[in-house]
Amino acid sequence: MYRFFEQLSSRIAAPFVGETKRNSKVWQCHCGQSIFFPNSRCLACSAALGYLPEQGRLVTLEPGPDQNTWCLSDEPGLELYRRCANLDTPAACNWLFSAHDQGEFCIACSLNRTIPDLSIPENAERWCKVETAKRRLVAQLIALGLQVIPKAQDEDTGLAFDFVGVDLEGKCPSTGHANGLITLNIEEADDALREAMRVQMHEPYRTLLGHFRHEVGHYYWDRLIPDSPWESAYRTLFGDERASYADALEHHYQNGAPADWQQGFVSAYATMHPWEDWAETWAHYLHMMDAVDTALGFGMSARDMDFDYPPFTLETLYDPQHPGGPAFLSFVNAWIELAGMLNELSRSMGQPDFYPFVLSPAVITKLHFIHLVIQQSGGRADEVLQAQ
């Protein structure tokens, strides 16, 4: 995105041109068949496939010289890999890791502390859906250069997941984050139950991937903001997180969001407390980055689209003078137009809006702040823009 956008006008449609088709979301098997992120076997030639998280690509495999080892069909003998032990479980994990590494699981599956009770018939399908969403999350975190450390390796600063259902006392678990542990009610993987909850909570959007992106935002707030050079600026933009969370929660559910919340927040829930504002904005940042990247990866063209949205300007950004500001601004403006197009496509099918949110200038400022925090932490957020 970076150099490419700088050569184009600020017109929002500019990034979506056919000549720049990428392969970030679509790869090819050695037989020429298109293969996709979740695939573990080519549907055309039955070749084994695996995902390399550090390289961000799906590859065709050939058996290696040792039992349960594999090598890349286009790089035979250069490196040996193993397939995740969850490949043949309902999790259906297609990720790879170095044959020299200890353990049985890939980086994504090594984050699991508790998996669903598979003696419950519905939980096999639920777990598959949950793991598919989690792998998309982890792949994006790695692409951004963020550290993904399992709690099993570092209890104090690591990340872990509990996928649980109703306990022995009949109590339903709450989805949330605490000290690096993300808990998900496994029933969220039931589309009907999740939709009923969405309506009950008056939410415009509720998905498994959205849950993960929101909750992991809390985790990275803990890792990146407290006692850092960003802390003061965070409080200026999002508010003082030292305010009572319990009081803020009670006030939110008793009174709802302020009438003018869309002027400064990405969602009504973001108004509840500065922590939730950060987590909601973080989740939207990940949504936007992945969706624009996917659109460009499939060669989407908006050259002939007749949108007349006024683009955001540099003054909207947290740091208008930052060297990467023009590229980030072009990404944001591209997202506005892409979301508008996809909303119309959804409406033409009688479906709810693809992206039922309005981004105000204040939200763009917060999104740019998050981008800069991630860039300073991992050093690869700008690389993702450049790749786009």
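**Close-up views of aromatic rings and their contacts**

**View 1. Lys-366 over the ring of Phe-265 in the predicted model.** The charged end of Lys-366 lies 4.3 Å from the centre of the Phe-265 ring and sits over that ring.

**View 2. Arg-83 over the face of Trp-70.** Arg-83 is placed over the Trp-70 face, and its distance from the ring centre is 5.2 Å.

**View 3. The aromatic pair of Tyr-234 and Trp-278.** The model has 24 aromatic pairs. In the pair of Tyr-234 and Trp-278, the ring centres are 5.9 Å apart and the planes meet at 75°, an edge-to-face arrangement. The two residues are 44 apart in the chain and the pair links distant parts of it: Tyr-234 belongs to helix H5 (residues 231–238) and Trp-278 to helix H7 (residues 274–297). Tyr-234 counts as buried because its relative accessible area is 0%, and Trp-278 is likewise buried, at 0% relative accessibility.

**View 4. The aromatic pair of Trp-335 and Phe-354.** This pair is tilted, with 50° between the planes and 6.4 Å from centre to centre. Trp-335 is in helix H8 (residues 325–348), whereas Phe-354 is in the loop between H8 and helix H9 (361–378); the pair links distant parts of the chain, 19 residues apart. Trp-335 has a relative accessible area of 2% and is therefore buried. Phe-354, at 38% relative accessibility, is partly exposed.

**View 5. One aromatic cluster that includes Tyr-234 and Trp-278.** Both residues of View 3 belong to this cluster. Other members include Tyr-219, Tyr-220 and Trp-221, as well as Trp-230, Phe-238 and Tyr-245. Trp-275, Trp-282, Tyr-318 and Phe-369 are also part of the cluster.

Terms used. Residues numbered from 1 in each chain as written. Predicted model: local features only at pLDDT ≥ 70, side-chain atom pairs only at ≥ 80, totals over all residues. Heavy atoms only, no water. Phe/Tyr/Trp six-rings, centres within 6.5 Å; stacked < 30°, edge-to-face > 60°. Helix = DSSP H or I, 4+ residues; strand = E, 2+ residues; numbered from the N terminus. Buried < 20%, exposed > 50% of the residue type's maximum accessible area, 1.4 Å probe, protein only. Lys NZ or Arg CZ within 6 Å of the ring centre and 35° of its normal.
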